[in-house]
Every structure is written in structure tokens, then in C-alpha cells.
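Please open the model in your viewer, with side chains available for display, and follow the selections below in order.

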Amino acid sequence: MEKYWSVISNAYSGYWNYFVQEVLHPSWHNYFYWLVGASVIIYVLELLFPWRKNQPAIREHFWLDIFYLFWNYFLFSMIAYNALSMVGVQLFNDFLALFGITNIVAIQVGALPGWLQLLLIFVLRDFMQWSIHRMYHHVNWMWEFHKVHHSTEQMGFAALLRYHWMENVLYRSLEYIPLAMIGFGITDFFIVHIFTLVTGQLGHANLKINLGPFKYLLNGPQMHLWHHAKEMPATHPNGFNYGITLSIWDFIFKTNYWPNDDENLPVGLPANEHFPTDFFGQMARPFQRIFLKWK
């Protein structure tokens, strides 16, 4: 037990030191300032070239989403997630050790060129996230958590970051084993994080981005707006356009739906869904709903 308390203690102190380093020492590897910088630039583009011109510059619940931006990328890790995830990894490794397993790497790609490793981990991780995202829309209890993300009724760059903290837990838990089984020797995974952050914010932004033939590869705001549609078409009652960064998975698996570029498409949860508009209410609502269903 002492080992796990040590893991928790080291997780808190390590993450605090990391966060202080991020804030006080800007560099090109600095995630904090990439997050802030990308957000500011995309917001300025929204103000200069708005797709939905009738949408206010300070849209509905804008400041709530700004809080989510820092909460989901930094504060939640500082409060609980980093410690929980490190304990989870230690428990998993200790469990494997009971069977004499000390290394679960099944495919070693560390000898490949760095650019190819980056490409492989990006594509693999994006497909896994597409698959998990699809589960969120088809597994009832997971959908209760994902409703937080879909509760926004005016889309903008920061809507990407409005999601329940349990999504972090579920995504990372379900991603962990497949990614751990591949022996990536890469040190610049940071590049993948930044690329997915920027494309994700652009996909939720109040911008019209004409991707041309690249629309079959990359997710954009016109396609992703339909993912947030308030009313689901009869052909896709549980959702569609699950792509996070890449749209190609939706076209391959026939989960794409993009009838037109409708900037005035109503988005959000169904009209009969009375969802909390405050942070603590949104955090509590999924657990309340799941508990009532299981009672």
C-alpha cells in the first residue's frame, strides 16, 4: 500500500512542477501556451470571418467553455486525474506481474523513422478515438456523460473542450492497452497532441473552411456541425460523423451524413432534454441519470 501512496504523492508533486514549468517557461514544447495561442488565433478568425453572422461574438455559455478549456486540459489533472491514472497504470502492471508478464509490447516500431512513428501513432490513436466516440453515442450510460459535450447550442472553437471529466478517464483507459502494446520510441508525441487540438478547435469553430477533396480525409466545421444537430435523421438515429481529426473513418464505415452546408442548423440536445447550464450541474447530471436507471 505504501507503494501506491508514493505513486500518488509523486504524481501530485510531479504534475505541479510540470504545470509551473509550463506557465513560467514558454517554449515551443509548451502545451499551455500552444493551447492559449491556438485558442486566441482561432477566436480572432471567428470574429473576422464568422460563418454564422447572426451568432454573437460572446456566444451563449462562452465563459463556461473557456473554464472547461483549462479544467479539462490542466486543472482536472492537477486535482485528481494524473494521480488516478498513474495508480491505474501501476495496478495494471502489478496485475500482469502476477502472471510473470513484465512487458506487453507486442509490436516494436521504435526502429522506424520518427516521422513514420508519428504518422502511425496519429492514425492509430485517431481510429481508436473514432471508435470510442461512436461507443459514446450507442452505449446508454456513456451517452449520459457525452451529453455534456452536446449541450452547447451555439458552436465555437471552445466547444471542443466542453466535456465531462469522465470522458478523459474513459478515453485514456480504453486507449491505454492498445497503445502500450506498440513500442513507440518517439519523444515528439507532443506534435500529435497539438495537431489534434488545433484541428479539433477548427472543427467546432464558427468558420466555413472549404477543404475541397480533403473533406474525405479531415474533419471540418461544416461536417462536424451536423454531428451536433439537435434533431437526428431517421437514417442515423444514434448519431453520425464521429471523426475527431480524420473524417475518413466515417466515409469508410458509412457513418457519414452531410446533406448540405447549413450554418443555421439547430444544434444541441433534443428540445425535451432539460440540461443544466452550470458546471457543477453538468458534472453531477450523468451520475444522477445513471443511478436512477440502475435503481
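The tour that follows goes through salt bridges, a pocket and a helix.

Keep in mind throughout that this is a predicted model.

**First selection: Arg125, Glu175 and Arg172.** Of the nine salt bridges that the structure holds, begin with the one between Arg125 and Glu175, whose closest N and O atoms are 3.9 Å apart. Arg125 belongs to helix α4 (residues 114-138) and Glu175 to helix α6 (residues 165-180), so this pair ties together parts that lie 50 residues apart in sequence. Arg125 is buried, with a relative accessible area of 5%, and Glu175 also counts as buried, at 4% relative accessibility. Now add Arg172, which forms a salt bridge with Glu175 as well, here with 3.5 Å between the closest N and O atoms. Arg172 and Glu175 are three residues apart in helix α6, about one helical turn. Residues three or four places apart in an α-helix point the same way, because the helix has 3.6 residues a turn. Unlike the buried Glu175, Arg172 counts as partly exposed, at 29% relative accessibility.

**Second selection: Glu144 and Lys147.** Move to helix α5 (residues 140-150), where Glu144 and Lys147 both lie, three residues apart and thus separated by about one turn of the helix. Their side chains meet in a salt bridge of 3.3 Å, taken from N to O, and both residues are buried. If you extend the selection to Glu273, Arg285 and Arg289, you will have on screen a network of salt bridges that links these three residues with Glu144 and Lys147.

**Third selection: the second largest pocket.** Staying with helix α5, turn to the second largest pocket, which has a volume of about 270 Å³. It is lined by 17 residues, of which His137, Trp143, Met232, Pro237 and Asn238 are the closest to its centre. Helices α4 and α5 are the elements that give two or more residues to this lining, and α5 gives the most, with three residues. Which kinds of residue, nonpolar, polar or charged, make up the lining of this pocket? Colouring by type will show seven nonpolar, eight polar and two charged residues.

**Last selection: helix α7.** Finish with residues 190-204, the 15 residues of helix α7, which reaches 21 Å from its first C-alpha to its last, close to the 21 Å expected at 1.5 Å a residue. Among the buried residues of α7 are Phe190, Val192, Ile194 and Leu197, and also Gly200, Gly203 and His204.

Key:
Residues are numbered from 1 along each chain as its sequence is written. This is a predicted model: local features need pLDDT of at least 70, side-chain atom pairs count only at pLDDT 80 or more; totals for chains, interfaces and linings use all residues. Side-chain values use heavy atoms; hydrogens and water are left out. Helices (H or I, at least four residues) and strands (E, at least two) are DSSP runs, numbered from the N terminus. The expected span of a helix is 1.5 Å times one less than its number of residues. Buried means under 20% relative accessible area, exposed over 50%, partly exposed in between (1.4 Å probe, protein chains only). A salt bridge is a side-chain nitrogen of Lys or Arg within 4 Å of a carboxyl oxygen of Asp or Glu. On a 1 Å grid over the protein atoms alone, a cavity is a set of points where a 1.4 Å probe fits but cannot get out, and a pocket is an open set with protein on both sides within 12 Å along at least five of seven lines; lining residues have an atom within 4 Å of a point. Grid points are joined across faces, edges and corners, and a volume is the space filled by probe spheres set on the points. Ala, Val, Leu, Ile, Met, Phe, Trp, Tyr, Cys and Pro count as nonpolar, Asp, Glu, Lys and Arg as charged, and the others, Gly among them, as polar.
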